[in-house]
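The following exercises concern a single protein model. Please examine the sequence and the structure before working through the solutions.

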Amino acid sequence: MERRNRGFTLIELMVVLVILGLLAALVAPKVLNKLGKSKQKIAKMQIEMLSSALDQFKLDTGRYPTTEEGLEALIKNPGVKGWDGPYLKKNKIPKDPWGRDYIYKCPGEHGEYDLYSLGADGKPGGTGENADITSWE
């Protein structure tokens with residue numbers, strides 16, 4: 001008796017590819033949505049960490065860093081009496097999850113200082129993943 005090794009037919013391969021394509025179309029948006037939300041959560045946590053460091057700076061010096069001094073004042077003394085830093089563990093100002101610098105203004109429009117990220121699109125405002133992540137909300 002002769003035994004033949006048979007491969008898959010073109011139709012069978014096409015059916016499998018269509019099924020995989022449908023699964024990817026259903027799953028990919030949910031995965032990408034979760035990725036965007038996790039980046040927003042990371043930005044919120046980093047803003048909270050930077051806010052704590054800014055508060056410690058104020059406790060030591062009696063004021064928050066000026067806009068000109070910026071967040072760099074948390075790792076390098078800008079010549080302020082009472083500075084007892086660095087106030088960040090890694091001696092490095094983190095970038096937001098989209099690779100951009102956090103925006104810091106002191107005095108701020110929403111409090112003693114404003115600290116925020118412009119979100120995924122890098123533009124003010126927006127919704128979803130493009131929404132700004134702020135220290136005052």
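**Exercises on the core, the sheet and the surface**

**Exercise 1.** Determine which residues Leu74 touches, and place Leu74 within the largest nonpolar core.

*Solution.* The model is predicted. Leaving aside residues up to four places away in sequence, Leu74 touches Leu50, Ala53, Leu54, Phe57, Trp83, Pro86, Tyr87 and Leu88. The largest nonpolar core comprises 22 residues, and Leu74 is listed with Leu54, Leu71, Tyr104 and Leu115 as having the most contacts inside it. The greatest contribution to this core comes from α1, with 6 residues.

**Exercise 2.** Establish the strand order of the open sheet and identify which strands stand at the edges.

*Solution.* The sheet has 3 strands, arranged β1-β2-β3 with antiparallel pairing. β1 (103–105) and β3 (133–134) each have a single partner strand, so one side of each lacks a neighbour in the sheet; these are the edge strands. Strand β2 (residues 114–117) is joined to β3 by 2 bridges, and the two run antiparallel. Ser117 has Ile133 in β3 as its bridge partner.

**Exercise 3.** Classify Val15 as buried, partly exposed or exposed, and describe the surface patch that includes Val15.

*Solution.* Val15 lies in helix α1 (residues 10–61). Its relative accessibility is 44%; because the partly exposed class lies between 20% and 50%, Val15 is partly exposed. Val15 belongs to a nonpolar surface patch together with Leu10, Ile11, Met14, Val16, Leu17, Ile19, Leu20 and Leu23. The accessible area of the patch residues together is about 900 Å².

Note on methods:
Residues are numbered from 1 along each chain as its sequence is written. This is a predicted model: local features need pLDDT of at least 70, side-chain atom pairs count only at pLDDT 80 or more; totals for chains, interfaces and linings use all residues. Side-chain values use heavy atoms; hydrogens and water are left out. Patches are made of residues with over 30% relative accessible area and no salt bridge: like charges are joined within 9 Å, nonpolar side chains (Val, Leu, Ile, Met, Phe, Trp, Tyr) within 5 Å. Accessible areas come from the Shrake-Rupley method with a 1.4 Å probe; for residues, only the protein chains shown count as cover. A salt bridge is a side-chain nitrogen of Lys or Arg within 4 Å of a carboxyl oxygen of Asp or Glu. Helices (H or I, at least four residues) and strands (E, at least two) are DSSP runs, numbered from the N terminus. Buried means under 20% relative accessible area, exposed over 50%, partly exposed in between (1.4 Å probe, protein chains only). A nonpolar core is a set of buried Ala, Val, Leu, Ile, Met, Phe, Trp, Tyr and Cys residues joined through side-chain atoms within 4.5 Å. Contact means heavy atoms within 4.5 Å. Two strands pair if DSSP finds at least two bridges between them.
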